[in-house]
Amino acid sequence: MDTQSYLSVQPGVGMEENFLSLDDILLSHERLPIRTECTFPRLGYLEKSSDTQDITEVGRGSKMELPLWLSKGLYERKRRVLSVELPKVYREGWRTVFNADPNVVDLHKMGPYYYGLGSQMLHFDSPENPEIAQTLLQTFIGRFRRIMDSSQNAYNEDTSVLVEHLDCLEKTLFRSGQSGLNGFQSWEKGQAAQLTASSLVLNYRKRKMTDAQP
């Protein structure tokens with residue numbers, strides 16, 4: 001009997017997280033560069049260069065790194081508690097590279113959650129948010145066809161080299177393409193009774209049905 005120790009849960013879409021998803025849990029621990037703008041009681045240990053118990057008024061403007069989940073929890077637009085700086089991969093210099101040719105970039109090396117973290121950065125009030133969102137979309141569009149072409153042309157082959165430069169979302173797309181190809185090959189050889197809808201399609205239908213309920 002075929003058993004599976006963990007039932008894979010798809011990550012959330014865009015700025016919405018799904019904390020039943022291991023990918024989203026790992027994404028929430030990605031560290032962001034921040035600057036403090038008020039006193040933080042009993043958090044002095046976060047400053048490696050300080051021995052004080054608190055991040056005091058004197059230390060206002062201190063730079064440090066905090067995980068995404070904590071940065072989102074502390075961030076407020078009206079009351080300036082902290083400001084979040086853009087990770088370098090989302091800054092103007094790298095956006096220029098992505099806009100020129102997104103296929104030359106090793107997204108896994110730049111950050112395994114490029115699309116997910118980029119979408120989460122839109123939670124923070126930044127004048128560069130429109131440009132970040134546009135670059136995320138154009139990068140995905142620019143890389144999508146090559147990813148799916150690779151997944152459809154690698155039947156019964158070692159695909160480790162093909163996926164090592166992809167981010168988490170792109171690897172999921174590649175595996176879906178491979179699964180569809182293997183299913184079609186089995187059906188074509190008479191080894192499968194019928195073609196079935198992919199899990200991505202089924203999950204999309206369930207989401208549409210849930211949204212339609214009053």
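Colleague: Which residues of helix 8 are buried?

Modeller: In helix 8, the buried residues are Cys168, Glu170, Thr172, Leu173, Phe174, Gly177, Gln178, Leu181 and Gln185. The term "buried" means a relative accessible area under 20%, "exposed" means over 50%, and "partly exposed" lies in between, with a 1.4 Å probe and protein chains only. The model is predicted, so local features need pLDDT of at least 70 and side-chain atom pairs count only at pLDDT 80 or more, while totals for chains, interfaces and linings use all residues. Residues are numbered from 1 along each chain as its sequence is written, and side-chain values use heavy atoms, with hydrogens and water left out.

Colleague: What makes residues 168-188 a helix, and how does the span of helix 8 stand against the expected one?

Modeller: Helices are DSSP runs of H or I with at least four residues, strands are runs of E with at least two, and both are numbered from the N terminus. Helix 8 has 21 residues, which satisfies that minimum. The expected span is 1.5 Å times one less than the number of residues; helix 8 reaches 30 Å from its first C-alpha to its last, close to the expected 30 Å.

Colleague: Against which helices do the buried residues of helix 8 pack?

Modeller: They pack against helix 1, helix 4 (107-110), helix 5 (114-121), helix 6 and helix 7. In the protein overall, nine helices and three strands are present, and 31% of its 214 residues count as buried.

Colleague: What is found at the start of helix 8, and why is it called a polar contact?

Modeller: A side-chain oxygen of aspartate 167 comes to within 3.1 Å of the backbone nitrogen of leucine 169. A polar contact is a pair of N or O atoms within 3.5 Å; within protein, one must be able to donate a hydrogen and the other to accept it, and residues adjacent in sequence count only if both atoms are side-chain atoms. The pair of aspartate 167 and leucine 169 therefore qualifies. Just after helix 8, glycine 190 takes a positive phi of about 80°.

Colleague: Why is the pair of glutamate 170 and arginine 143 called a salt bridge?

Modeller: A salt bridge requires a side-chain nitrogen of Lys or Arg within 4 Å of a carboxyl oxygen of Asp or Glu. Glutamate 170 and arginine 143 meet at 2.6 Å, N to O, and therefore fulfil the rule. Because glutamate 170 belongs to helix 8 and arginine 143 to helix 6, the pair ties together parts that are 27 residues apart in sequence. Both glutamate 170 and arginine 143 are buried.

Colleague: How many salt bridges are there by this rule?

Modeller: The count comes to six. One of them joins the side chains of arginine 95 and glutamate 128 at 2.8 Å, N to O. That pair links distant parts of the chain, 33 residues apart: arginine 95 is in helix 3 (residues 92-100), and glutamate 128 is in the loop between helix 5 and helix 6. Arg35, Lys63 and Glu85 are linked in a network of salt bridges.

Colleague: Is arginine 95 buried or exposed, and what of glutamate 128?

Modeller: Arginine 95 has a relative accessible area of 9% and so is buried. Glutamate 128, at 27%, is partly exposed.

Colleague: What makes arginine 145 and aspartate 149 a salt bridge?

Modeller: Their side chains meet at 3.9 Å, N to O, which is within the limit and therefore counts. Both residues lie in helix 6, four residues apart, about one turn of the helix. Arginine 145 counts as exposed because its relative accessibility is 64%, whereas aspartate 149, at 38%, is partly exposed.

Colleague: Why is alanine 154 called buried?

Modeller: Its relative accessibility is 2%, so alanine 154 counts as buried. Alanine 154 lies in the loop between helix 6 (129-152) and helix 7 (160-163). Contact means heavy atoms within 4.5 Å; leaving aside neighbours within four places in sequence, alanine 154 is in contact with Thr159, Leu162, Gln178 and Leu181. The C-alpha atoms of alanine 154 and leucine 181 are separated by 9.0 Å.

Colleague: How do you know that asparagine 129 is buried?

Modeller: Asparagine 129 has a relative accessible area of 14% and is therefore buried. Its side chain reaches the backbone oxygen of phenylalanine 124 at 2.9 Å.
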